[in-house]
Amino acid sequence: TSGVTAVLLHGWTMDLTTWDRVAAGLPGRVVRYDVRGHGKSGCDGQAPTLSELADDLEAVLAEYVPTGRIVLAGHSLGGMTIMALAEQRPEVFSRVSGVALVATSCGDLPGVSGVERLAGRWLVKRAKVGFGRVIAPGLRVTFGRRPSWGDVRAAAAMAGNTTGAAFVGVREELTRHQRRE
């Protein structure tokens with residue numbers, strides 16, 4: 001309904017364009033933004049914590065949806081951000097009519113591997129991860145059977161546009177996310 005604003009949060013290494021097709025089909029107002037270190041959003045060289053991302057979501061709601069009903073949707077990291085906000089500021093949810101958690105987790109994610117740690121030492125120094133074209137073939141397997149190459153290339157480009165600090169640090173932060181209660 002037109003009285004509800006949908007706020008869509010993207011996943012780790014993605015950006016707000018992840019939601020393009022969904023946003024186009026939603027009624028009413030839609031708000032999306034790039035989280036710190038992703039897409040066009042900068043970061044200060046430090047990876048954001050889930051708590052900081054929840055603070056950012058609260059600030060977005062205060063500025064862009066100060067009144068009215070809200071539906072929150074979060075993919076992966078976006079869903080974890082919503083969980084963190086619910087934990088930190090439950091009163092914000094008095095205006096929330098619904099929540100969609102898409103391919104997200106409440107915890108028990110695998111730890112960072114030795115290979116990831118080794119690559120992370122190099123990646124964390126990069127302003128942007130880059131090499132989106134190079135990772136597209138490897139990323140393809142995460143899309144299931146017969147994926148659209150356009151979708152795979154778009155995801156690879158988004159990952160390449162993530163800051164090194166966010167790419168490495170948020171991955172580590174995800175392993176600390178435990179919200180089972």
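**Close-up views of a predicted model**

**View 1. Arg 179 and its surroundings.** Leaving aside neighbours within four places in sequence, Arg 179 is in contact with Leu 50, Met 83, Ala 84, Glu 87 and Cys 106. Please keep in mind that this is a predicted model. Arg 179 belongs to the segment after α7. With a relative accessible area of 21%, this arginine, Arg 179, is partly exposed, because the buried class is kept for values under 20%. For a sense of scale, 161 residues along the chain lie between Arg 179 and Thr 18, and their C-alpha atoms are separated by 25 Å.

**View 2. Ser 105 in its loop.** Here we visit the loop between β4 and α4 (114-123), where Ser 105 has its place. Ser 105 is buried, its relative accessible area being 14%. If neighbours within four places in sequence are left aside, the contacts of Ser 105 are Met 80, Met 83 and His 177. Met 83 is thus a contact of Ser 105 and also a contact of Arg 179 from the previous view.

**View 3. The open sheet.** Four parallel strands make up this open sheet, and their order is β2-β1-β3-β4. β2 (29-32) and β4 (96-102) are the edge strands; each has a single partner strand, so one side of each is left without a neighbour in the sheet. On average, and with direction ignored, neighbouring strands of the sheet are turned by 15° against each other. Helix α3 (residues 77-88) packs on the sheet and touches β1, β3 (69-75) and β4, its direction making about 130° with that of β3.

**View 4. Strand β1 and its two partners.** Strand β1 (residues 4-9) runs parallel to β2 and is joined to it by four bridges. Arg 29 of β2 is the bridge partner of Thr 5, while Leu 8 stands opposite Arg 32 of β2. With β3, strand β1 pairs in the parallel sense over six bridges, and Val 7 stands opposite Leu 72 of β3. Together with helix α1 (residues 20-25), strands β1 and β2 make a right-handed β-α-β unit.

**View 5. The two faces of β1.** Which residues point one way from β1, and which the other? Val 4, Ala 6 and Leu 8 take one direction and Thr 5, Val 7 and Leu 9 the other, and all are buried. In a regular strand, side chains alternate between the two faces of the sheet. The strand as a whole is mostly covered, six of its six residues being buried.

**View 6. Two nonpolar cores.** The largest nonpolar core has 24 residues, and Val 7, Leu 57, Leu 61, Ile 70, Leu 72 and Leu 77 have the most contacts inside it. At least two residues of this core come from each of β1, α2 (50-64), β3, α3 and α7 (164-176), and α2 gives the largest share, six residues. Apart from this core lies another, of five residues, including Leu 8, Trp 19, Ala 23 and Ala 73. Back in the largest core, Ile 70 is in contact with Val 4, Thr 5, Val 7, Leu 61, Val 65, Arg 95, Val 96, Ser 97 and Gly 98, again leaving aside neighbours within four places in sequence.

**View 7. Confidence along the chain.** The chain has a mean pLDDT of 88, and 96% of its residues reach 70 or more. Where is confidence lowest and where highest? It is lowest in helix α5 (residues 132-139), with a mean of 71, and highest in β2, at 98.

Notes: Residues numbered from 1 in each chain as written. Predicted model: local features only at pLDDT ≥ 70, side-chain atom pairs only at ≥ 80, totals over all residues. Heavy atoms only, no water. Pairing = 2+ DSSP bridges. Axes fitted to C-alpha atoms, helices over the stretch in contact; angles between N-to-C directions. Contact = heavy atoms within 4.5 Å. Right-handed = clockwise from strand over helix to strand, strands pointing away. pLDDT = per-residue confidence, 0-100. Core = buried A, V, L, I, M, F, W, Y, C linked by side-chain atoms within 4.5 Å. Buried < 20%, exposed > 50% of the residue type's maximum accessible area, 1.4 Å probe, protein only.
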